[in-house]
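Colleague: I would like a close look at one part of this model, namely the charged pairs around one helix. Please take it step by step.

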Amino acid sequence: MRILLSNDDGYFSPGIEHLAHVLSEVAEIVVVAPERDYSGASNSLTLDRPLSLRRGSNGFYHVNGTPTDCVHLAVTGVLDTLPDMVVSGINLGANMGDDTIYSGTVAAATEGFLLGIPSLAISLCSKTFGHLNTAGRVARELVDTLIARRPAGPMLLNVNIPDIPYEMLQGRAITRLGKRHKAEGMVVTVTPRNETVYWVGAAGQAEDAEEGTDFYAVASHQVSITPLQIDLTHTAQLPLLRGWLDQ
């Protein structure tokens with residue numbers, strides 16, 4: 001069993017170090033992660049320059065590119081065989097609702113999924129890694145389940161874990177993505193050189209957080225597990241557009 005680990009926080013993140021530690025008990029671990037923080041990189045690939053692969057003092061490989069670059073490079077250019085699983089994380093911060101569109105953590109797992117590999121995105125809903133052991137233990141349990149049950153085809157799971165002691169978790173919930181209100185406005189500041197610069201505003205608060213959503217599960221101290229797919233087709237609008245062509 002070989003597991004490829006990546007993330008969007010960088011190869012030096014405590015989250016990926018802890019994940020590598022707990023999963024090394026059940027599999028051979030290969031870490032290929034960005035050389036710096038690429039939070040919010042989404043599924044971007046680097047196409048305007050070559051990528052380099054180096055090994056850090058912690059034994060992890062790092063790439064001068066995005067999370068998607070890391071998984072793509074590892075699977076198609078470095079590893080001699082496909083990994084049995086891709087796990088991305090442990091991310092510092094939640095990836096729920098609309099976050100999944102922008103998340104580099106989810107993007108790394110998505111690339112594994114697109115390459116035909118069962119993949120997990122693991123996020124701790126925290127700004128401090130307060131209960132990293134909780135996230136590590138949940139990740140290990142989910143990996144054990146996937147090893148035991150061996151899904152027939154690729155699977156992409158987005159996992160969000162409350163930042164509380166493991167004993168306080170109220171189980172797991174299979175959820176759908178909720179939805180946030182629109183993001184706050186840009187923050188405009190002036191540099192010491194009198195240049196106007198713009199900071200992207202904070203994510204909006206939850207708008208759709210009813211029972212059954214990832215937001216509701218985490219607020220209820222449950223581990224949220226959301227199966228994702230990549231087909232962006234708005235199937236409900238297909239008949240409308242076909243009607244336009246018939247006129």
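In which helix do Asp 144 and Arg 140 both lie, and how many residues apart are they?

Modeller: Bear in mind that this is a predicted model. Asp 144 and Arg 140 both belong to helix α5, and they sit 4 residues apart, about one turn of the helix. The two form a salt bridge, with 3.1 Å between the closest N and O atoms. Asp 144 has a relative accessible area of 30% and is partly exposed. Arg 140 is also classed as partly exposed, at 23% relative accessibility. Exposed would require over 50% and buried under 20%, so the 23% of Arg 140 falls in between.

Arg 140 also takes part in a salt bridge with Glu 25, where the N to O distance is 2.6 Å. Glu 25 is located in the loop between α1 (14-23) and β2 (28-34), while Arg 140 is in helix α5 (residues 132-149), so this pair ties together parts that lie 115 residues apart in sequence. Glu 25 is exposed, its relative accessible area being 56%. As for the chemistry, side chains of opposite charge can pair when their charged atoms come close.

Beyond the helix, the count of salt bridges comes to 7. One of them joins the side chains of Asp 98 and Lys 179, at 3.9 Å from N to O. The cut-off is 4 Å, so the 3.9 Å pair of Asp 98 and Lys 179 is counted. Asp 98 is in the loop between β5 (85-92) and α3 (99-102), and Lys 179 is in strand β9 (residues 179-180), so that bridge links parts 81 residues apart in sequence. Both ends are partly exposed: Asp 98 has a relative accessibility of 23%, and Lys 179 has one of 43%.

Back at the helix, Asp 144 pairs with Arg 140 through the 3.1 Å contact already described. Elsewhere, Arg 2, Glu 28 and Asp 80 are joined into one network by salt bridges that share partners.

For contrast with these charged pairs, there is a nonpolar patch on the surface, formed by Met 186, Val 188, Tyr 198 and Val 200. Together these residues have about 460 Å² of accessible area. Val 200 lies in the loop between β11 (196-199) and β12 (206-208), and it counts as exposed at 69% relative accessibility.

Conventions. Residues are numbered from 1 along each chain as its sequence is written. This is a predicted model: local features need pLDDT of at least 70, side-chain atom pairs count only at pLDDT 80 or more; totals for chains, interfaces and linings use all residues. Side-chain values use heavy atoms; hydrogens and water are left out. Helices (H or I, at least four residues) and strands (E, at least two) are DSSP runs, numbered from the N terminus. Buried means under 20% relative accessible area, exposed over 50%, partly exposed in between (1.4 Å probe, protein chains only). Patches are made of residues with over 30% relative accessible area and no salt bridge: like charges are joined within 9 Å, nonpolar side chains (Val, Leu, Ile, Met, Phe, Trp, Tyr) within 5 Å. Accessible areas come from the Shrake-Rupley method with a 1.4 Å probe; for residues, only the protein chains shown count as cover.
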